[in-house]
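Trainee: Hi! Could we go through this model together? I'd like to start with the burial.

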Amino acid sequence: MTALELIDVANQVLFIGLFAAVLWRALKQPSRASWDMVLLFGSIAGVVFLARAAEVLQLGEQPWLIGVILLLLAIAPYAMLRLVGDFSRTPRWVLLVGGPVLAIIGVLGFVAFGAAPRLYEVVAIAWFLGVGGYAALAFGRAALATRGITQRRMTAVAFGTLLFIAAIVIAFADVLVETVDLPAAPQVISLFAGLSFFLGFAPPAWIRRAWREPDLRNFLERSIHLPTITDERRAVVEIQNAAAGAFGASGASIGLAVAGRPVLRYVNRAGDWVEYADDAFIPGRAYRQQQRVVALDAMELDPEHAAVYEQNLATTIIAAPITTDERRLGVLSVYADRAPIFVEDDLWLIELMAAHTALLLEARSHATTTNSLRAREESARLKEEFLSAAAHDLRTPLTVVLGQAELLERRVARDPAAPPDAVGISRMVREARRLRDLVTELLDAQRLEMGSEVMDLEPIDLRTVLESVRRRYHDQGIDLKVTTPADAAIGSIDEPRFEQVIDNLVENAIKYTSSGMLPEVELAVDAGEARILVTDHGVGVPEEERDRIFDRFYRATNVQGTTESGIGLGLYICRRIVEAHAGRIWVEPAPGGGSTFVVVIPAAEAAASNPAPADWKPSSNDPSPDAFEVAADA
Amino acid sequence: MREITILVVDDEADIRATVSAMLEIEGYDVAEASNGADALHVLEERRPDLILLDMRMPILDGWGFAAELRRRGHRTPIVVMTAARDAAHWAAEIAAAAFVAKPFGFEDLIAAVERVSPPAA
C-alpha cells in the first residue's frame, strides 16, 4: 500500500466516522443545526462511499455515477451555508439563492460534465470558492464573536471548511489547468480538513475537558471573592458577568428565590432588584420545573415576552436551576443572539456554573450569618460598656446620698435635739435629683437603642414642634426666641422623638450658658431640607471635640467637673434620633461666642405620593426589559 | 496628742464635702483639694497623715499625683476612692495602702482609714 493509498483510506475512515458521529447526535438531539451537519458529512461520506463502491464494483466512468458524485460534492458547500445560517445571522437571500443554484449545478453535473467538462469545472470552482469561502469566513467571524470552548471548536470548523474547499478546488484545478500538477495535495489537505472537522464537530472527551478548563478556571477565579462582597446585588452581577464571559454570550441573568413568595428577583440594569412571578420568562420555567431548559428561539417559545428577548439580544436562552440540597435558590440563565453552536457543551457548562453559583450563594448566606452574629456580639459588648459606664456614673451621686443619709442618721442618734444639717440635706437632694436625671437618660438611651428603627414617621409641620417647645419653656417662665418661616415646613418625623431632640438641644443651651442669656431657635427650609438651628451663648465647644460630643458617653472637657449632671448621652441620643430621620446633626461655633447646633432633615412635599408597591409584577402588555439586562461585555 | 490630718482629693465638690463631714464627725482633721495639682499645694501646707484620693480628675489625675508625691519623698499612705470597677487594680498601680469603692458607706470609709492611719501620737 502506497502512502497515497494510506491517506485515501484515512480520509475515507475519517469522513465516514464523522458522518456516523453527527448522525448519532442528530438522532439523540435533533435540531436544525445537527441535521445540517448530517447533510454536510452525509454528502461527503456519500462521495467517499460511491467512489469506493465504483472502484470495487469496477463501474468505470458511468455518467450517472459521476453525476451523483458531483451532486453530492456540490451539496457540501450548500450544507455549510445552512450551518452558517444556524450559527450566525445570515442574510435570508443567501439561503434563498443557494438552493436553486445548487439545483442548477446538480443538473449540470448530469448533463454538462460529459459534454463540456471545462464549463462544469469552472462553474464548480466558482461554487466552491464562492459559497465555501463565504462559509469559511462566516465560521471564522463566528469564532471571533464567541469565547471559550465554543470559540475553539468554531475555529476548528472554520479551518476545516477552508481546507476542505481548498482540497476540492485544487482537485478541480488540477484537471482544468494542465500546468498545475499537485498529485497528492487534495488528499493531504482533505485529511487535515477532516481532522479539523473532527475537532470542531466531534471532539473527543479529553480534548473537550482540556478546552473547558481555562473557562472554568476563569469563572472560578472571578467568583472566588464573591462570598465576601456584602452587597448581594453586586455579587449577583459579578456572577452574571463571569458566566456571560465564559460563554461569550450576550449576557447572563440570575433570578433569586424569595422565601415565602412565588417570585424570583433579578438585578436590573440600574442595579436595583426587580421581582417577577417565579414562572415568568424562560428562566422561570427552568426554576419551576427544576431542570435545565434550552430555548433555541426564545421569542417563539415565550411570545408573551418576545419584546424583552429581542431588546436583550436573547434569541437563544439556556437556563439551569440553582439548587442545593433540595433548596431552590434560584436560576441561572445565559442568552445569546444566536443558536448555541454546541449545545451539549453549553449545557454541561451552565449546569456546572449553576452548581457553583449555588455554592457561592450558600457561602454568602453563611458569611451573612457570621456577620450578623458578629454584629450581635458587638452590640452585646456595647451594652456591657454601656452598663459599666452607667454604673460608674451612678456611683458618685449615690456615694453622696448614702454618705449624707448616714451622717444625718448618726447626728440624730447622738443628739436628737440638734438642728437639722440644712447644707447636707440640700446636697443629698441635689445628688438624688442627679441620680434621677441619669436614670432617665439611661432609660431613654436604652429605649432608643432598642427601638430606633421602628419610628413612626408622619408628615408634620415642623413649626408646630417648635411652637410646642416654646410654649413649654414659656410655662416655666423662660421665653425662647423662636423664628419660623411663614409657610408650612413639612418634615416626615416621629413627633415625640423629634421634639425630644429640640428639647434636649434647648435644655443643653440653657444649662451651659452661665450668663443667663437665652438660646435662640430658628427654622428654615431650603432646597428640600429643613434646618433647625439652636444657638446658645455658652462657652462653646472646642474645635477638636465637635464631632466627638455626639458619641456615646462623651462629654466636652470644658463642661466636665461642672455641677451639671449628664453622662454624655444626651447628644448621642439626639444624633441617633436625627439619623433615624435620615438627617444630620452637627455643631458650629456661633458668632460672638457660644455654639449653634444644626439639625437638618429632608423636608417632604406636603402632597408626597406613595411609592410603588414592592410586589409589582409586569403584565403581559407591559413587558419590562429589566429582567435580562446585564452588560454584555464582562 | 496630735490630731490625724486627712487630705481628701476629689473633683466632685459634693463628694469632698460628704467625705469630709464623715471624717470630721469621727474626729479627724480634714483638708480638701479638687485635683492632683491642687493637692500638691495643700500637701506642703498641711502635711497630712493620710490621703484619700480619687483617680480620675482633671488637670492632674490620681496616678500623676501619686507619682509626684513619691518623687518628692513623701511616704504618706494613700487610700484610693473610685467608682471604677477595677478599684483594687488602680490601687495596686500606685502602691496605695487601701481602697474604697464608690458608693461607700460610713463604715467602709472609716474602717479603711483606721486600718491605714498611723497610730495617733
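Trainee: So what share of the residues in chain B is buried?

Mentor: In this predicted model, buried residues make up 44% of the 121 residues in chain B.

Trainee: Which elements does chain B have, and in what order do they run?

Mentor: Chain B has five helices and five strands. Starting at the N terminus, they run β-α-β-α-β-α-β-α-β-α.

Trainee: How much of the contacts in chain B comes from residues 24 or more positions apart?

Mentor: Such pairs account for 59% of the contacts in chain B with a separation of 6 or more.

Trainee: Let's zoom in on β3(B). Which way do its residues point?

Mentor: Strand β3 (residues 50-53) of chain B sends B:Leu50 and B:Leu52 one way and B:Ile51 and B:Leu53 the other way. All of them are buried. In a regular strand, side chains alternate between the two faces of the sheet.

Trainee: And in what sense does β3(B) pair with β1(B), parallel or antiparallel?

Mentor: β1(B) and β3(B) pair in the parallel sense, over four bridges. Within that pairing, B:Val8 has B:Leu52 as its bridge partner. β3(B) also pairs in the parallel sense with strand β4 (residues 78-82) of chain B, over three bridges, and there B:Leu52 stands opposite B:Val79.

Trainee: Where in chain B is confidence lowest, and where is it highest?

Mentor: The low end is helix α4 (residues 87-93) of chain B, with a mean of 88, and the high end is strand β1 (residues 5-9) of chain B, at 95. The mean pLDDT of chain B is 89, and 95% of its residues reach 70 or more.

Trainee: What about the complex: what ipTM and pTM does the predictor give?

Mentor: An ipTM of 0.89 and a pTM of 0.52.

Trainee: How many residues of each chain are in contact with the other?

Mentor: 19 residues of chain A are in contact with 19 residues of chain B. On the chain A side, α13 (343-414) and α14 (422-451) each supply at least two residues, and α13(A) gives the most, with 13 residues. By type, that side divides into four nonpolar, nine polar and six charged residues.

Trainee: Switching to chain A, where is the kink in α4(A) centred?

Mentor: On A:Gly109, with a kink of about 50°. A:Gly109 is also one of the buried residues of α4(A), along with A:Gly98, A:Ile105 and A:Leu108.

Trainee: Which helices do those buried residues pack against?

Mentor: They pack against α3 (63-87) and α5 (117-145) of chain A.

Technical notes. Residues are numbered from 1 along each chain as its sequence is written. Chains are lettered from A and ligands numbered from 1 in the order in which they are written. This is a predicted model: local features need pLDDT of at least 70, side-chain atom pairs count only at pLDDT 80 or more; totals for chains, interfaces and linings use all residues. Two residues are in contact if their C-beta atoms, placed from the backbone, lie within 7 Å. Ala, Val, Leu, Ile, Met, Phe, Trp, Tyr, Cys and Pro count as nonpolar, Asp, Glu, Lys and Arg as charged, and the others, Gly among them, as polar. pLDDT is the predictor's confidence in each residue, from 0 to 100. The bend at a residue is the angle between axes fitted to the seven residues ending there and the seven starting there. A residue is buried if 20 or more other C-beta atoms lie within 10 Å of its own, exposed if 12 or fewer, and partly exposed in between; C-beta atoms are placed from the backbone. Two strands pair if DSSP finds at least two bridges between them.
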